[in-house]
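Please describe this protein for a first-year student. Start with its salt bridges, then move out to the whole fold.

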Amino acid sequence: MTQAPTPDFDALQKEIAEIIVSALNLEMTPDEIEADAPLFGDGLGLDSIDILEVALVVSKRYGFQLKADNEDNVKIFTSLRTLAAHVAAQRTK
């Protein structure tokens with residue numbers, strides 16, 4: 001799930017970073033989220049409830065479902081970049 005950097009992809013990553021910060025009321029700016037840093041644990045420090053909240057907002061915004069039982073969720077939510085790559089491939093809006 002590698003996505004070559006393009007202006008559109010960079011803009012999508014920024015949008016998703018803004019969604020993460022807004023949906024979770026994080027005390028940081030979207031620019032502080034590193035594209036390849038882990039979303040869980042030592043990276044951004046999100047937990048499973050946070051990921052569910054992000055998945056809900058992303059699904060509504062981009063017109064597709066991120067299902068809790070998707071066996072690719074670990075890969076999809078590895079980092080901001082992997083989440084953005086999944087959104088770019090699946091979005092209908």
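Arg-61 and Glu-15 join through their side chains in a salt bridge, with N and O 3.6 Å apart. This pair ties together distant parts of the chain: Arg-61 lies in helix H2 (residues 48-62), Glu-15 lies in helix H1 (residues 7-24), and 46 residues separate them. Arg-61 counts as partly exposed because its relative accessibility is 43%. Glu-15 is also partly exposed, at 26%. Keep in mind that this is a predicted model.

**The salt bridges**

How many salt bridges does a search of the whole structure find? The search finds 3. Side chains of opposite charge can pair when their charged atoms come close. The table lists the pairs.

| Pair | Closest N to O distance |
|---|---|
| Arg-61 and Glu-15 | 3.6 Å |
| Arg-81 and Asp-36 | 2.7 Å |
| Asp-72 and Lys-75 | 4.0 Å |

Take Arg-81 and Asp-36, with their closest N and O atoms 2.7 Å apart. This pair, too, links distant parts of the chain. Arg-81 sits in helix H4 (residues 80-90), while Asp-36 sits in the loop between H1 and H2. The two are 45 residues apart. Is Asp-36 buried or exposed? Asp-36 is exposed, because its relative accessible area is 54% and the cut-off for exposed is over 50%. Arg-81 has 25% relative accessibility, so it counts as partly exposed.

Next come Asp-72 and Lys-75, whose closest N and O atoms are 4.0 Å apart. Asp-72 is partly exposed, with a relative accessible area of 33%. Lys-75 reaches 53% relative accessibility and therefore counts as exposed.

**Two buried residues**

Gln-13 is placed in helix H1. Why does Gln-13 count as buried? Its relative accessibility is 8%, and buried means under 20%. Setting aside residues up to four places away in sequence, Gln-13 touches Ala-35, Leu-80, Arg-81 and Ala-84. One of these, Arg-81, is the salt-bridge partner of Asp-36.

Ser-79 belongs to the loop between H3 and H4. Its relative accessibility is 3%, so Ser-79 counts as buried. Which residues does Ser-79 contact, leaving aside neighbours within four places in sequence? They are Ala-35, Asp-36, Ala-37 and Leu-39. Ala-35 is thus touched by Ser-79, and Ala-35 is also touched by Gln-13.

**Helix H4 and its cover**

Several residues of H4 are buried: Leu-80, Thr-82, Leu-83, Ala-84, Ala-85, His-86 and Val-87. What covers the buried residues of H4? The cover includes H1, H2 and H3. Contacts of Gln-13 in H1 fit this picture, since they include Leu-80 and Ala-84.

**An unusual backbone angle**

Most residues other than glycine have a negative phi. Asn-25 is not a glycine, yet its phi is positive, at about 50 degrees. Where is Asn-25 placed? Asn-25 is in the loop between H1 and H2. With 64% relative accessibility, Asn-25 counts as exposed.

**The whole fold**

Now step back to the whole chain. The protein has 4 helices and 0 strands. Along the sequence the pattern reads α-α-α-α. For residues 7-93, the unreviewed UniProt entry lists "domain: Carrier". Over that stretch the chain is 55% helix and 0% strand. The C-alpha atoms at the ends of the stretch are 18 Å apart.

How does the size compare with a compact globule? For 93 residues, such a globule would have a radius of gyration near 12 Å; the protein has 12 Å, which agrees. Along the principal axes, the C-alpha atoms fill a box of roughly 30 × 30 × 20 Å. Of the 93 residues, 34% count as buried. The protein exposes about 5700 Å², and carbon and sulfur atoms supply 49% of that area.

Contacts reach far along the chain as well. Among contacts with a separation of 6 or more, 61% come from residues 24 or more positions apart.

**Confidence in the model**

How confident is the predictor? The average pLDDT is 90, and 95% of the residues score at least 70. Which helix has the highest confidence? H4 does, at a mean of 96. Confidence is lowest in helix H3 (residues 73-76), where the mean is 91. Where pLDDT is low, the predicted coordinates should not be read in detail.

Definitions and conventions. Residues numbered from 1 in each chain as written. Predicted model: local features only at pLDDT ≥ 70, side-chain atom pairs only at ≥ 80, totals over all residues. Heavy atoms only, no water. Buried < 20%, exposed > 50% of the residue type's maximum accessible area, 1.4 Å probe, protein only. Contact = heavy atoms within 4.5 Å. pLDDT = per-residue confidence, 0-100. UniProt positions renumbered as here; feature names shortened; annotations may be inferred. Rg over C-alpha atoms; globule rule 2.2 N^0.38 Å. Areas by Shrake-Rupley, 256 points an atom, 1.4 Å probe, with all protein chains shown as cover.
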